[in-house]
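Dear colleague,

Please find the structure below, handed over for you to look through at your own pace. My notes on what was found in it follow directly after.

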Amino acid sequence: MDEFDYKELGLKCGLEIHQQLNSETKLFCRCPNELQGTREPDFILRREMRPVLGEMGTYDKAMLTEYEKDLDIIYECYNDVICTYEIDETPPFMCNIEARKIAIKIGLLLNSNIIKEMHVCRKNYLDGSVPCGFQRTMILAKDGYVELENGKKIGIDILCLEEDAARRTETEKKEKTNFFRLDRLGIPLVEVTTKPDINDPDECRECAERLGLLLWSTNVKKVLGSIRQDINVSIKKGTRIEIKGVQKLDWIPLLINHEISRQYNLIQIKEQLTQKDLNKQESIGEIKDISNQLKETSCKFIAKGIKSGKKLYGLNIRGFNKIFGKELMENYRFGTEVSSKVKSISGLKGLIHSDENLKEYGFSEKDIGIIKNTLNVKKEDCFVLLLGKETEINKALHVIENRVKYAFEGVPPETRKALENGNTEFLRELHGGARLYPDTDSQPIINKDQEIQEITTHLPDYPWKIIKKYSTKFETEERVIKELIFSGYLELFETLLEYYPDNPTLIITSLLETATALRRDGKQIENITDEDYIEIFSLLKSKEIGKEAVEDLMVGKADNPELTIEAIKDNLNLESISKDELNDIINSIIDKNFNLLKEQKMRAMGPLMGDAMKQVRGKIDGAIVSKALKNALLEKIKELN
Amino acid sequence: MTEKLKGYKKETKTLLNNKNIGIWDILKVKTDKAAYQGILLPRNEYSESGFIELKLKNNYNVGIKLEEIKDIEKIGKKEAKYKIPEKKFPKTKGFPEITLLGTGGTVASRLDYTTGAVIPAFTPGELFSAVPELAEVCNLETIMVFEILSENMKPQYWQELADEVAKQANSAKDGVMIAHGTDTMGFTSAALSFMLKDLNIPVVFVGSQRSSDRPSSDAPMNLINAATVATSNIAEVVIVMMGSSAHDYGLIHRGTLVRKMHTSYRNTFRTIDDIPLGMVKNRKIRMFKDNYNRRNDKKTIALTDFEEKVALIYSHVGLTNEEIDFYIDKGYKGIVFAGTGLGHVSTRIYDALERALEEEIIVLMTSQTLHGFVGMNVYSTGRELLNLGVIPGRNMIPEVAYVKLGWVLGQTSNFKEAKALLTTNIAGEFIDREIPIAYNYNIDQLLKNNKV
């Protein structure tokens, strides 16, 4: 991809970061703040959502688009961990104080002003992700900033405290039905929105990382998926596009560059169309059912479709030759842009357009001639073919017409979904601000001066300062400390240091590398609690176990969550041994392997060390074993000579 | 001046007044560290004083503490004046003619985004904007009979409503829907059941448990279901509301056997002691029972006289003679007890009961268990109460018994006649037999059963 001159392009980015808080219960009901993973739901509930009239008596465009999708909504529910609040059958209870205090702390760390009287608002969602049709949300803080490494301050517009939406379960996704699981619904969440102060993709990545680190230095949920980031991107003459679902920090620069490319090329298309002096209103030409004419087509899947009763429609788009084929970003043409929107709204799988290689579809020259004749396609035009049910095609035609007409305007405002390859796809229309209105079911919530004062006096250090401090102090890379924070282990690390100050690197290795390796082996390492770790490192401190035993105890606990560390240690026969006992063991090994020693001399050290460790692993430090073995061998060899 | 600063008090009000600021003014407010711009909102009079309430540009509302305000400046005004666009409700030749009577509930509405207030949609055109499917079921006319909160319902309104229904029934109309708040819907449905003699068309009560400004509202489906029942052959007073928490089907409940059973569930209404008359789903009706009145050519008469001096007393362990004496002293003509168990009150209040009956006050016994018949021959207390002259209310729900007694005493002041009327089945309030699935019926069982 070309290098962009971001300044010249007028790049503006903003971030929206969502982070679940780690309060014991949910924000507006007292259900546990616990995801249920893959556990089967106890019952399901089918619901419908309808757009509601807005204040001017009209419907929000984004809501109508959702409604047009005509999707069924099924809620997957549990009998024990959700209540009638989540299924929209009971009004909200008091706002969770613990969650509110965590959010205040975050607000203060972001140098922002805490709102003294919060008003709960409702934000409409029609995709079904919230059973009542709106999310309860409130502004908790305003006008703060986060400082980047180079000293640049990125403004924080607002910090909202709100409920998380239900969790979409993709696994059972059937046609035309959205499945949502209600365990996630109502979990307290903060949404941090920056001002559009970011002018460079790498700066955006750094800002997202700093915000992430800052959030993870407070009592937030520190598991996969508990933090979600969206980026807003716009360039001069373009539009603010919201990109949702950015799962990794490293995706950010790529996503922004691709979005710049998309907007840039859409603006070029607009200029091209303007130059050609085309009439927007007349851009859609003939629209015809050409199933009969193309019954005998040599394109197999079309012929088969028509035979099975599907309709083939063609439409002529005047003056659009070569536009559908124009690449907007990598492997993504204007045609892709139109077809993915068609797919999302009408359910139609895709479309064929004349900028594609039609021979590859199996169309003959004759077929193409018939299509062009019937639709009256001129050299400068483009035609589009749709195959499907009449109702789907009608919806699709509507989508195409709107999108084609918008090509004259430039970049349509949308919410787009981030894809792993750095591209994005249409998710939904950008919601208008009008979908936010006061919640009439709740009273204003006061953040008392005294509460704020109390939290202010206990604010932690900024994580980037901690990273610098620790990496110097423990002579380790900054990356490692960062990893500790992002794996949620920083606090535990600090605690374990108190119990076992001897070897900070060992603690870090156990929490990061060992844990990761065990997880990769399919071990349930979440069975190991903070208390277990404390116990393991206390045993180490009191020399009851050797450092090799740490991994064995972790494995033991992962496999047997019902056992105590003490019991696992006993099972593993990990009582530590004295140096005398060690020497006895070493001597007996040497005796057994006398011949080997005679042949290989010191090269026998390796295999013998292995034998020794088999017997003493975890009971005594390997370094001690190695030293003792070496001494014993040297002595024996001396004797032999 | 009060309206100009609705809800603001004390120092806040003084400050705003001094700056000549009113509700809906666009303000710039500076505090120590922050700057706000937004519209000054009216404030709930029960909210804490010492704050001003703004709707910010991003549409969030916030309250700013008076003490923190350093500077406040008026830069414009934006008053909210909204109306639902009137679309014309399409009239289709040959479709049933339905009248929707309004009582003040909001079956359909749209929002005032600024205050969160719900603005009712009521004219056919407004309803068509909100629930266009109605036009596929019927032709619609609407009449606002009165506008009250459901909890403020009173017998006088029942009379007005019954008169209006009779007028509709005796005109060319094919059915009536009544939009009603759910709190007292069961009382009103019972009242109209007793008051409307020889009813010739369906009278369908409808409401909603989730207000219609939310996308998950039950109102649109309830309206469509109710309209469907209003065009049916069921010439009875019924309540049609959702039958499950899912947006699936509505149940048709007889007006004298139905009760609101949950504070907030969508399927709050349940038929008590029997199964619902039927269900309505996707604009089709399926009956579970056969003993309902059909559409007919009789003239509907509204017998609306009602005795308001009737008490409904919940029997409890602390009930005293004094409490009963109060009603007797105040000239009450009837008392309904929601008795314990099979229909009991404490023997400690026999004195007051004896006095009431001596003064020809009718005492009617029902049970606070809601389900089942009273059985006053089983225990000595029951037998003693019967002996005192207490009338057993059979299976009647306490509220229905209260409405019936008021209506009966409106029809006659003769003690004997009243007693006779009370024990007559007027509007399906009595059941002959309680079928086993009536208690805890569920839809799967109902669908399996033959009509009863």
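To begin within a single helix, A:Lys636 and A:Glu639 both lie in helix H22 of chain A (residues 622-640), where they are three residues apart, about one turn of the helix. The two form a salt bridge, with the closest N and O atoms 3.8 Å apart. A:Lys636 counts as partly exposed at a relative accessibility of 21%, whereas A:Glu639, with a relative accessible area of 57%, is exposed. Please keep in mind throughout that this is a predicted model.

On confidence, the predictor gives the complex an ipTM of 0.92 and a pTM of 0.86. For chain B the mean pLDDT is 92, and 94% of the residues of that chain reach 70 or more.

The salt bridge in helix H22 belongs to a longer list, since a search of the whole structure finds 76 salt bridges over all chains. Two others that I looked at join parts of a chain that are separated in sequence. In chain A, A:Lys237 forms a salt bridge with A:Glu271, the closest N and O atoms being 3.5 Å apart. A:Lys237 sits in the loop between strand E12 (227-234) and strand E13 (241-246), while A:Glu271 belongs to helix H5 (residues 251-275), so this pair ties together parts of chain A that are 34 residues apart in sequence. A:Lys237 counts as exposed, at 64% relative accessibility, and A:Glu271 is partly exposed, with a relative accessible area of 37%.

In chain B, B:Asp32 forms a salt bridge with B:Lys70, and here the closest N and O atoms are 3.6 Å apart. B:Asp32 lies in the loop between strand E1 (25-31) and strand E2 (35-40) and B:Lys70 in strand E5 (residues 69-77), so the pair ties together parts of chain B that are 38 residues apart in sequence. B:Asp32 counts as exposed at 63% relative accessibility, and B:Lys70 is exposed as well, with a relative accessible area of 55%.

Turning to chain B as a whole, the secondary structure comes to eleven helices and 23 strands, and the C-alpha trace spans about 80 × 60 × 40 Å along its principal axes. Of the 452 residues of chain B, 57% count as buried. Among contacts in this chain between residues at least 6 apart in sequence, 69% join residues at least 24 apart.

Next comes the interface. The area buried between chain A and chain B is about 4400 Å², of which carbon and sulfur atoms give 51%, and the contact takes 54 residues from chain A and 51 residues from chain B. Between the two chains the count is nine salt bridges, and there are 24 residue pairs in polar contact, with both residues at pLDDT 80 or more. Which elements of chain A supply at least two residues each of the side that touches chain B? They are strand E2 (43-47), strand E6 (121-124), strand E7 (134-147), strand E8 (153-163) and strand E22 (436-438). The largest share of that side, seven residues, comes from E7(A). By residue class, the side of chain A that touches chain B divides into 25 nonpolar, eleven polar and 18 charged residues.

One salt bridge involving both chains is that of A:Asp88 and B:Arg214, whose side chains meet at 2.7 Å, N to O. Both of these residues also appear in a network of linked salt bridges, which comprises A:Arg47, A:Asp88, A:Glu89, A:Arg122, A:Arg136, A:Asp439, A:Asp441, B:Arg210, B:Arg214 and B:Arg266.

Finally, a note on one residue of chain A, A:Ser346, which has its place in helix H7 (residues 334-346). Is A:Ser346 buried or exposed? With a relative accessible area of 2%, A:Ser346 is buried, because buried here means under 20%. The side chain of A:Ser346 reaches the backbone oxygen of A:Val342 at 2.7 Å and the backbone nitrogen of A:Leu348 at 3.0 Å. Not counting residues up to four places away in sequence, A:Ser346 touches A:Lys176, A:Glu392, A:Lys395 and A:Ala396.

With best regards

Notes: Residues numbered from 1 in each chain as written. Chains lettered and ligands numbered in written order. Heavy atoms only, no water. Helix = DSSP H or I, 4+ residues; strand = E, 2+ residues; numbered from the N terminus. Buried < 20%, exposed > 50% of the residue type's maximum accessible area, 1.4 Å probe, protein only. Polar contact = N/O pair within 3.5 Å; in protein donor to acceptor, adjacent residues only side chain to side chain. Contact = heavy atoms within 4.5 Å. pLDDT = per-residue confidence, 0-100. Salt bridge = Lys/Arg side-chain N within 4 Å of Asp/Glu carboxyl O. Buried area = accessible area lost by both parts, 1.4 Å probe. Nonpolar A, V, L, I, M, F, W, Y, C, P; charged D, E, K, R; others polar.
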